[in-house]
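Student: Hey, I've just opened this one up and I'm new to it. Can you walk me through the empty spaces and a few of the residues?

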Amino acid sequence: MNKKDSIPKRDRILDAAEELFAEHGYDGVTLRQIATSAGVDVALANYHFGKKLDLFQAVFNRRAELLNGARREALHACQQAAGAKGPSVEQIIEAFLRPLEIAQETGDEGWRHYLALIAYINNSPYWGPRMMSSLFDELVQEFIEALKKALPKASEADIYWCYHNLSGALTLTLANTGRIDKLSRGHCHSADFQAAYDHMIPFTAAGFRKICGS
């Protein structure tokens, strides 16, 4: 028995769907292709998940609670350590981003596929409004409130525009397209997640401060 055979068939379907949706998008994958990749009959995929759309949603939901929990825990830890004055902009952004880096560096291909799928959904004018809010908006608002405290002179609009730019940089990092590898002629690597976040945190923090009038 190989390692794949030891995984419950329902999880094998989710794993296969996660990888294929991340690589090809929703429209580029059929339920039959997912079943074939998972090594199961397409009828079993239908039995467990129903339509392809339901499977897409199940894949998207599966890791969200773990990811949200890690980021919320990081935010609460930095808030507790900072005391009444509250954490700095850098500390808040680090709490928002580092759990994603950790997930990408685990060596678990499932996390890499899942985060690439988030990038695909977040960058889609169709899927983004339909799927991101239900799982991630509550958490994002907790970080927004922390940023408001760290930047008391900021307008609501400025805080959200700065978050919009942070989200864009994060989406490209999660997508891990290899674009920066070619553009930099090998000086940078999109799979060097530590370098990506080490640059993103101070860069976006400086942007927040510049726009939000610290």
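Tutor: Sure. Let's begin with the largest cavity: α6 (89-104), α8 (127-150) and α9 (156-175) each supply at least two residues of its lining. Keep in mind that this is a predicted model.

Student: Which helix gives the largest share of that lining?

Tutor: That's α8, with four residues.

Student: And which residues line the largest cavity?

Tutor: The lining is made up of Ile 92, Ile 93, Phe 96, Val 140, Phe 143, Ile 144, Leu 147, Tyr 163 and Leu 166. By class, that's nine nonpolar residues, with no polar and no charged ones.

Student: How much space lies in there?

Tutor: About 40 Å³. The count of cavities of 30 Å³ or more comes to one.

Student: How do you even find empty space in a protein?

Tutor: You roll a probe the size of a water molecule over the atoms, and that shows where empty space is left.

Student: OK, pockets now. What volume does the largest pocket have?

Tutor: The largest pocket has about 510 Å³. It is lined by 17 residues, and the closest to its centre are Thr 173, Ile 180, Ala 195, Ala 196 and His 199. The elements giving two or more residues to this lining are α9, α10 (179-183) and α11 (193-212).

Student: Which of the elements gives the most to the largest pocket?

Tutor: α11 does, with five residues. By class, the lining of the largest pocket has eight nonpolar, seven polar and two charged residues.

Student: What about the second largest pocket, what's its volume?

Tutor: About 390 Å³ for the second largest pocket. Its lining has 21 residues, and Asn 122, Met 132, Val 140, Tyr 163 and Ser 167 are the closest to the centre. Two or more residues each come from α5 (64-82), α6, α7 (109-122), α8 and α9.

Student: Which element gives the most there?

Tutor: α8, with nine residues. The class split for the second largest pocket is 13 nonpolar, six polar and two charged.

Student: Let's stick with α8, then. How far apart are its end C-alpha atoms?

Tutor: They are 32 Å apart. At 1.5 Å a residue, the 24 residues of α8 should span 34 Å, so the two values agree.

Student: Where is the kink in α8 centred?

Tutor: On Ser 133, and the kink is about 60°.

Student: Which residues of α8 are buried?

Tutor: Trp 127, Gly 128, Met 131, Met 132, Phe 136, Leu 139, Val 140, Phe 143, Ile 144, Ala 146 and Leu 147. Here's a handy rule for reading a list like that: an α-helix has 3.6 residues a turn, so residues three or four places apart point the same way.

Student: Switching topic: is Arg 12 buried or exposed?

Tutor: Arg 12 is buried, because its relative accessible area is 9% and the cut-off for buried is under 20%. Arg 12 lies in helix α1 (residues 9-24).

Student: What does the side chain of Arg 12 reach?

Tutor: The backbone oxygen of Gly 39, at 3.3 Å.

Student: Last one, Asp 54. Where is the place of that residue?

Tutor: Asp 54 sits in helix α4 (residues 52-62). With a relative accessible area of 40%, Asp 54 is partly exposed.

Student: And how far is Asp 54 from Asp 11?

Tutor: Their C-alpha atoms are separated by 15 Å, and the two residues are 43 residues apart along the chain.

Key. Residues numbered from 1 in each chain as written. Predicted model: local features only at pLDDT ≥ 70, side-chain atom pairs only at ≥ 80, totals over all residues. Heavy atoms only, no water. Buried < 20%, exposed > 50% of the residue type's maximum accessible area, 1.4 Å probe, protein only. Polar contact = N/O pair within 3.5 Å; in protein donor to acceptor, adjacent residues only side chain to side chain. 1 Å grid on protein atoms, 1.4 Å probe; cavity = no way out; pocket = protein on both sides within 12 Å on 5 of 7 lines; lining within 4 Å. Points joined across faces, edges and corners; volume = space filled by probe spheres on them. Nonpolar A, V, L, I, M, F, W, Y, C, P; charged D, E, K, R; others polar. Expected span 1.5 Å × (residues − 1). Bend = angle between axes of the 7 residues up to and from the residue.
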